[in-house]
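Let's take a walk through this one together. Pull up the chain in your viewer and keep it open while you read.

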Amino acid sequence: MAYHDHPHHGDRHDNRHGHHHGHDTTHTGTDWAEVASLLEAEAELFTPLYERALAWLAKEVTAPGLVVDAGSGPGVISCLFAEVFEGARIVAADGSAPLLERAAERAARYGVGDRFGTLTGELPGVLDDLEYPADLLWASRSVHHLGDQRAALAAYAARLAPGGTLAVVEGGLPARYLPRDIGFGRPGLQARLDAVEADWFTRMRSELPDSVAHTEDWPALLTAAGLHHGRSRTFLLDLPAPAPDRARAHVVATLTRTRDRLAGELDADDRATLDRLLDPADEASVHHRPDVFYLAAHTVHTAVRPVQGPPGPAEGLPGPATPH
(Lines give C-alpha, C1' and ligand atoms only; values in the text may rest on other atoms or scores of the structure.)
Protein backbone atom coordinates (compact mmCIF):
# COMPACT_ATOMS: atom_id res chain seq x y z
CA MET A 1 0.00 0.00 0.00
CA ALA A 2 1.09 3.57 -0.55
CA TYR A 3 0.49 6.33 1.95
CA HIS A 4 -0.80 9.75 0.94
CA ASP A 5 -2.74 12.76 2.11
CA HIS A 6 -6.50 12.35 2.14
CA PRO A 7 -8.38 15.33 0.69
CA HIS A 8 -10.41 16.48 3.68
CA HIS A 9 -8.59 15.18 6.70
CA GLY A 10 -5.31 16.32 5.18
CA ASP A 11 -4.34 12.71 5.53
CA ARG A 12 -3.30 10.17 2.99
CA HIS A 13 -5.30 9.45 -0.16
CA ASP A 14 -6.55 5.99 -0.74
CA ASN A 15 -4.05 3.50 -2.12
CA ARG A 16 -3.23 4.70 -5.62
CA HIS A 17 -0.04 6.74 -5.73
CA GLY A 18 3.19 6.42 -7.64
CA HIS A 19 4.99 7.17 -10.91
CA HIS A 20 5.72 5.78 -14.33
CA HIS A 21 6.92 7.79 -17.29
CA GLY A 22 4.04 9.09 -19.36
CA HIS A 23 0.61 7.94 -18.26
CA ASP A 24 1.08 4.23 -17.98
CA THR A 25 -1.57 2.31 -16.10
CA THR A 26 -0.50 -0.58 -13.92
CA HIS A 27 -2.26 -3.92 -13.66
CA THR A 28 -4.21 -2.47 -10.74
CA GLY A 29 -5.67 0.22 -13.00
CA THR A 30 -3.74 2.97 -11.23
CA ASP A 31 -2.44 5.82 -13.36
CA TRP A 32 0.68 6.38 -11.31
CA ALA A 33 1.96 9.36 -13.31
CA GLU A 34 -1.26 11.29 -12.84
CA VAL A 35 -1.58 10.45 -9.14
CA ALA A 36 2.06 11.23 -8.38
CA SER A 37 1.70 14.61 -10.07
CA LEU A 38 -1.39 15.37 -7.98
CA LEU A 39 0.41 14.36 -4.79
CA GLU A 40 3.43 16.48 -5.61
CA ALA A 41 1.22 19.48 -6.35
CA GLU A 42 -0.59 19.03 -3.03
CA ALA A 43 2.62 18.69 -1.02
CA GLU A 44 4.12 21.70 -2.77
CA LEU A 45 1.02 23.72 -1.89
CA PHE A 46 1.57 22.78 1.77
CA THR A 47 5.32 23.49 1.65
CA PRO A 48 5.08 26.73 3.72
CA LEU A 49 3.36 24.74 6.50
CA TYR A 50 5.95 21.95 6.33
CA GLU A 51 8.82 24.44 6.36
CA ARG A 52 7.54 25.97 9.60
CA ALA A 53 7.05 22.52 11.13
CA LEU A 54 10.56 21.43 10.16
CA ALA A 55 12.07 24.64 11.50
CA TRP A 56 10.32 23.92 14.82
CA LEU A 57 11.70 20.38 14.83
CA ALA A 58 15.20 21.60 13.99
CA LYS A 59 15.34 23.63 17.21
CA GLU A 60 15.52 20.39 19.22
CA VAL A 61 16.71 17.81 16.69
CA THR A 62 20.21 19.03 15.99
CA ALA A 63 22.62 17.50 13.46
CA PRO A 64 20.78 14.19 12.94
CA GLY A 65 22.74 11.49 11.14
CA LEU A 66 19.69 9.73 9.67
CA VAL A 67 16.21 11.13 8.99
CA VAL A 68 13.50 8.69 7.89
CA ASP A 69 10.30 9.85 6.15
CA ALA A 70 7.85 6.97 6.75
CA GLY A 71 5.09 7.07 4.16
CA SER A 72 7.01 9.56 2.05
CA GLY A 73 4.96 9.46 -1.14
CA PRO A 74 6.84 11.26 -3.96
CA GLY A 75 9.38 12.75 -1.58
CA VAL A 76 8.48 16.42 -1.37
CA ILE A 77 8.87 16.54 2.41
CA SER A 78 11.86 14.17 2.27
CA CYS A 79 13.69 16.69 0.13
CA LEU A 80 12.74 19.50 2.52
CA PHE A 81 14.42 17.48 5.29
CA ALA A 82 17.55 17.29 3.13
CA GLU A 83 17.53 21.09 2.90
CA VAL A 84 16.92 21.67 6.61
CA PHE A 85 19.44 19.06 7.83
CA GLU A 86 22.33 19.55 5.45
CA GLY A 87 24.56 16.87 6.94
CA ALA A 88 21.91 14.16 7.33
CA ARG A 89 21.21 11.12 5.24
CA ILE A 90 17.55 10.92 4.25
CA VAL A 91 15.62 7.70 3.70
CA ALA A 92 12.16 7.85 2.10
CA ALA A 93 10.06 4.76 2.92
CA ASP A 94 6.80 3.92 1.19
CA GLY A 95 4.79 0.98 -0.09
CA SER A 96 4.90 2.27 -3.66
CA ALA A 97 8.05 1.70 -5.73
CA PRO A 98 6.82 4.08 -8.47
CA LEU A 99 6.40 6.86 -5.90
CA LEU A 100 9.87 6.25 -4.57
CA GLU A 101 11.24 6.49 -8.11
CA ARG A 102 9.70 9.92 -8.19
CA ALA A 103 11.24 10.77 -4.82
CA ALA A 104 14.72 9.71 -5.95
CA GLU A 105 14.35 11.75 -9.14
CA ARG A 106 13.33 14.77 -7.10
CA ALA A 107 16.31 14.34 -4.77
CA ALA A 108 18.65 14.21 -7.77
CA ARG A 109 17.11 17.40 -9.21
CA TYR A 110 17.58 19.16 -5.88
CA GLY A 111 21.22 18.07 -5.67
CA VAL A 112 20.82 15.83 -2.62
CA GLY A 113 20.78 12.45 -4.34
CA ASP A 114 24.16 11.49 -2.87
CA ARG A 115 22.65 11.33 0.63
CA PHE A 116 19.17 10.18 -0.28
CA GLY A 117 17.98 6.57 -0.11
CA THR A 118 14.66 4.73 -0.41
CA LEU A 119 13.00 1.71 1.20
CA THR A 120 10.10 0.01 -0.56
CA GLY A 121 7.67 -2.09 1.45
CA GLU A 122 4.82 -2.17 3.89
CA LEU A 123 5.07 0.04 6.94
CA PRO A 124 6.11 -0.36 9.66
CA GLY A 125 7.84 -3.67 8.88
CA VAL A 126 9.99 -2.31 6.06
CA LEU A 127 11.82 -0.15 8.59
CA ASP A 128 13.46 -3.34 9.88
CA ASP A 129 15.63 -3.02 6.77
CA LEU A 130 17.22 0.21 8.02
CA GLU A 131 20.88 -0.50 8.62
CA TYR A 132 21.13 1.84 11.57
CA PRO A 133 18.66 3.65 13.85
CA ALA A 134 17.03 6.96 12.94
CA ASP A 135 17.73 10.19 14.79
CA LEU A 136 14.46 11.58 13.46
CA LEU A 137 11.54 9.54 12.12
CA TRP A 138 8.73 11.52 10.49
CA ALA A 139 5.32 9.99 9.74
CA SER A 140 2.97 12.48 8.08
CA ARG A 141 -0.67 11.40 7.74
CA SER A 142 0.32 7.78 7.31
CA VAL A 143 -0.11 6.12 10.72
CA HIS A 144 -3.88 6.14 10.40
CA HIS A 145 -3.57 3.90 7.35
CA LEU A 146 -2.07 1.16 9.55
CA GLY A 147 -4.50 -1.20 11.25
CA ASP A 148 -3.00 -1.08 14.75
CA GLN A 149 -1.82 2.50 15.22
CA ARG A 150 -0.47 1.87 18.71
CA ALA A 151 1.62 -1.10 17.54
CA ALA A 152 2.84 0.94 14.57
CA LEU A 153 4.07 3.73 16.83
CA ALA A 154 5.85 1.18 19.03
CA ALA A 155 7.54 -0.23 15.93
CA TYR A 156 8.59 3.26 14.85
CA ALA A 157 9.92 4.00 18.34
CA ALA A 158 11.99 0.82 18.16
CA ARG A 159 13.75 2.14 15.04
CA LEU A 160 14.96 5.28 16.83
CA ALA A 161 18.47 5.79 18.12
CA PRO A 162 18.68 6.60 21.85
CA GLY A 163 17.72 10.26 22.09
CA GLY A 164 16.02 10.07 18.68
CA THR A 165 12.73 11.83 17.94
CA LEU A 166 9.51 10.45 16.47
CA ALA A 167 7.33 13.11 14.80
CA VAL A 168 3.78 12.14 13.85
CA VAL A 169 1.48 14.39 11.83
CA GLU A 170 -2.10 13.46 12.73
CA GLY A 171 -5.17 15.43 13.71
CA GLY A 172 -5.49 19.13 13.09
CA LEU A 173 -8.61 20.54 11.47
CA PRO A 174 -10.48 19.89 8.22
CA ALA A 175 -9.56 22.36 5.51
CA ARG A 176 -11.83 25.27 4.63
CA TYR A 177 -11.93 26.91 1.21
CA LEU A 178 -15.45 28.29 0.66
CA PRO A 179 -17.75 30.63 2.57
CA ARG A 180 -20.54 29.03 4.60
CA ASP A 181 -23.09 30.51 2.17
CA ILE A 182 -21.86 30.32 -1.42
CA GLY A 183 -24.97 31.88 -2.97
CA PHE A 184 -26.71 28.68 -4.09
CA GLY A 185 -27.61 25.37 -2.52
CA ARG A 186 -28.00 24.99 1.25
CA PRO A 187 -25.46 26.94 3.31
CA GLY A 188 -22.93 24.85 5.21
CA LEU A 189 -21.88 22.50 2.40
CA GLN A 190 -18.37 21.95 3.74
CA ALA A 191 -19.62 20.99 7.20
CA ARG A 192 -21.84 18.33 5.61
CA LEU A 193 -18.97 17.09 3.44
CA ASP A 194 -16.85 16.82 6.59
CA ALA A 195 -19.51 14.61 8.23
CA VAL A 196 -19.62 12.30 5.19
CA GLU A 197 -15.81 12.19 5.08
CA ALA A 198 -15.69 11.34 8.79
CA ASP A 199 -18.01 8.38 8.25
CA TRP A 200 -15.93 7.24 5.26
CA PHE A 201 -12.76 7.56 7.35
CA THR A 202 -14.25 5.42 10.12
CA ARG A 203 -15.18 2.73 7.60
CA MET A 204 -11.73 2.89 6.03
CA ARG A 205 -10.09 2.38 9.43
CA SER A 206 -12.39 -0.52 10.33
CA GLU A 207 -11.63 -2.32 7.05
CA LEU A 208 -7.84 -2.16 7.37
CA PRO A 209 -6.04 -5.48 7.99
CA ASP A 210 -5.67 -6.15 11.73
CA SER A 211 -7.60 -3.00 12.53
CA VAL A 212 -7.65 -2.11 16.23
CA ALA A 213 -9.63 0.78 17.69
CA HIS A 214 -7.61 3.04 19.97
CA THR A 215 -8.47 6.40 21.48
CA GLU A 216 -6.59 8.75 19.17
CA ASP A 217 -4.82 10.60 21.95
CA TRP A 218 -1.54 10.89 20.07
CA PRO A 219 0.61 12.13 22.99
CA ALA A 220 -0.68 9.22 25.10
CA LEU A 221 0.02 6.75 22.28
CA LEU A 222 3.57 8.06 21.97
CA THR A 223 4.04 7.65 25.72
CA ALA A 224 2.69 4.10 25.47
CA ALA A 225 5.36 3.46 22.82
CA GLY A 226 8.01 4.12 25.47
CA LEU A 227 8.83 7.68 24.45
CA HIS A 228 8.95 10.80 26.59
CA HIS A 229 9.27 14.61 26.43
CA GLY A 230 6.17 14.82 24.24
CA ARG A 231 5.26 18.04 22.47
CA SER A 232 2.46 19.01 20.10
CA ARG A 233 2.12 22.04 17.88
CA THR A 234 -0.29 22.98 15.11
CA PHE A 235 0.79 24.74 11.93
CA LEU A 236 -1.44 26.70 9.56
CA LEU A 237 -1.61 27.04 5.83
CA ASP A 238 -3.43 30.33 5.33
CA LEU A 239 -4.02 31.42 1.73
CA PRO A 240 -6.65 34.19 1.69
CA ALA A 241 -9.05 34.85 -1.17
CA PRO A 242 -8.60 35.17 -4.03
CA ALA A 243 -6.73 31.88 -3.83
CA PRO A 244 -3.58 31.45 -5.94
CA ASP A 245 -3.94 29.15 -8.94
CA ARG A 246 -2.17 26.26 -7.17
CA ALA A 247 -4.64 26.39 -4.26
CA ARG A 248 -7.61 26.71 -6.61
CA ALA A 249 -6.45 23.64 -8.55
CA HIS A 250 -6.18 21.72 -5.27
CA VAL A 251 -9.74 22.69 -4.32
CA VAL A 252 -10.96 21.48 -7.72
CA ALA A 253 -9.11 18.17 -7.28
CA THR A 254 -10.42 17.74 -3.72
CA LEU A 255 -14.05 18.38 -4.63
CA THR A 256 -13.75 16.14 -7.69
CA ARG A 257 -12.51 13.23 -5.57
CA THR A 258 -15.29 13.87 -3.06
CA ARG A 259 -17.96 13.83 -5.75
CA ASP A 260 -16.53 10.71 -7.41
CA ARG A 261 -16.19 8.72 -4.19
CA LEU A 262 -18.98 9.95 -1.93
CA ALA A 263 -21.71 11.44 -4.12
CA GLY A 264 -24.00 8.52 -3.26
CA GLU A 265 -23.95 9.58 0.40
CA LEU A 266 -25.01 13.18 -0.32
CA ASP A 267 -28.54 14.39 -0.91
CA ALA A 268 -29.63 15.53 -4.37
CA ASP A 269 -29.27 19.22 -3.49
CA ASP A 270 -25.67 18.83 -2.35
CA ARG A 271 -24.82 16.72 -5.40
CA ALA A 272 -26.22 19.44 -7.64
CA THR A 273 -24.23 22.05 -5.71
CA LEU A 274 -21.04 20.05 -6.17
CA ASP A 275 -21.71 19.66 -9.88
CA ARG A 276 -22.14 23.39 -10.25
CA LEU A 277 -19.03 24.15 -8.20
CA LEU A 278 -17.03 21.90 -10.51
CA ASP A 279 -18.45 23.13 -13.84
CA PRO A 280 -15.75 25.22 -15.56
CA ALA A 281 -18.43 26.93 -17.67
CA ASP A 282 -20.20 28.25 -14.55
CA GLU A 283 -18.89 31.59 -13.24
CA ALA A 284 -19.99 30.51 -9.74
CA SER A 285 -17.72 27.44 -9.85
CA VAL A 286 -14.49 27.13 -7.87
CA HIS A 287 -12.68 27.55 -11.18
CA HIS A 288 -13.71 31.22 -11.27
CA ARG A 289 -15.26 32.51 -8.04
CA PRO A 290 -13.16 35.19 -6.28
CA ASP A 291 -14.03 34.06 -2.72
CA VAL A 292 -12.10 30.76 -2.87
CA PHE A 293 -9.43 30.65 -0.14
CA TYR A 294 -7.50 27.86 1.56
CA LEU A 295 -7.11 27.43 5.32
CA ALA A 296 -5.79 24.22 6.88
CA ALA A 297 -4.26 23.18 10.20
CA HIS A 298 -1.96 20.18 10.69
CA THR A 299 -0.77 19.06 14.11
CA VAL A 300 2.70 17.60 14.72
CA HIS A 301 3.18 15.40 17.80
CA THR A 302 6.73 14.56 18.85
CA ALA A 303 8.38 12.46 21.55
CA VAL A 304 11.89 11.24 22.27
CA ARG A 305 13.37 7.81 22.87
CA PRO A 306 15.08 7.70 26.28
CA VAL A 307 18.85 7.66 26.11
CA GLN A 308 18.87 4.78 28.58
CA GLY A 309 16.27 2.04 28.47
CA PRO A 310 14.89 0.93 25.12
CA PRO A 311 11.24 1.51 24.18
CA GLY A 312 11.33 -1.78 22.32
CA PRO A 313 13.64 -4.03 20.30
CA ALA A 314 15.77 -1.19 18.91
CA GLU A 315 18.62 -2.16 21.24
CA GLY A 316 21.00 -4.35 19.33
CA LEU A 317 20.42 -2.73 15.96
CA PRO A 318 23.50 -2.94 13.72
CA GLY A 319 26.02 -0.14 13.81
CA PRO A 320 26.20 2.68 11.27
CA ALA A 321 26.13 1.69 7.65
CA THR A 322 24.87 3.23 4.44
CA PRO A 323 21.07 2.95 4.22
CA HIS A 324 19.50 1.46 1.11
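What follows starts with the whole chain, then goes to one strand and its partners, and ends with a helix.

First, a caveat: this is a predicted model. The chain has 324 residues, and 54% of them count as buried. Its secondary structure adds up to 9 helices and 8 strands. If you like contact maps, look at the off-diagonal part: among contacts with a separation of 6 or more, 77% come from residues 24 or more positions apart. As for the outside, the accessible surface is about 13,300 Å², and carbon and sulfur atoms own 54% of that.

Now zoom in on strand β8, which covers residues 294–304. How many of its residues are buried? The count is 10 of 11, so the strand is mostly covered, with buried meaning under 20% relative accessible area.

Next, who pairs with β8? Strand β7, residues 228–239, runs antiparallel to β8 and is joined to it by 10 bridges. Strand β5, residues 160–169, is antiparallel to β8 as well, with 5 bridges between them. Then there's β6, residues 173–176, which also pairs with β8 in the antiparallel sense, over 2 bridges.

You can pin these pairings to particular residues. Coming from β5, Val168 has His301 as its bridge partner in β8. For Leu173, the bridge partner in β8 is Ala297. Ala297 turns up again in another pairing, where Leu236 stands opposite it. So if you want a spot to center your view on, try Ala297, since it is bridged to Leu173 and faces Leu236 in the strand pairing. While you're there, keep in mind that side chains in a regular strand alternate between the two faces of the sheet.

Follow the chain past β8 and you get to Gln308, in the segment after that strand. Is Gln308 buried or exposed? Its relative accessible area is 73%, and because anything over 50% counts as exposed, Gln308 is exposed. Gln308 also makes a nice long-range pair with Gly163: the two are 145 residues apart in sequence, yet their C-alpha atoms are 8.6 Å apart in space.

Last stop: helix α2, residues 47–58. Its 12 residues reach 16 Å from first C-alpha to last, close to the 16 Å expected at 1.5 Å a residue. The buried residues here are Thr47, Leu49, Tyr50, Ala53, Leu54, Trp56 and Leu57. When you read that list, remember that an α-helix has 3.6 residues a turn, so residues three or four places apart point the same way.

Technical notes: Residues are numbered from 1 along each chain as its sequence is written. This is a predicted model: local features need pLDDT of at least 70, side-chain atom pairs count only at pLDDT 80 or more; totals for chains, interfaces and linings use all residues. Side-chain values use heavy atoms; hydrogens and water are left out. Helices (H or I, at least four residues) and strands (E, at least two) are DSSP runs, numbered from the N terminus. The expected span of a helix is 1.5 Å times one less than its number of residues. Buried means under 20% relative accessible area, exposed over 50%, partly exposed in between (1.4 Å probe, protein chains only). Two strands pair if DSSP finds at least two bridges between them. Contact means heavy atoms within 4.5 Å. Accessible areas come from the Shrake-Rupley method with a 1.4 Å probe; for residues, only the protein chains shown count as cover.
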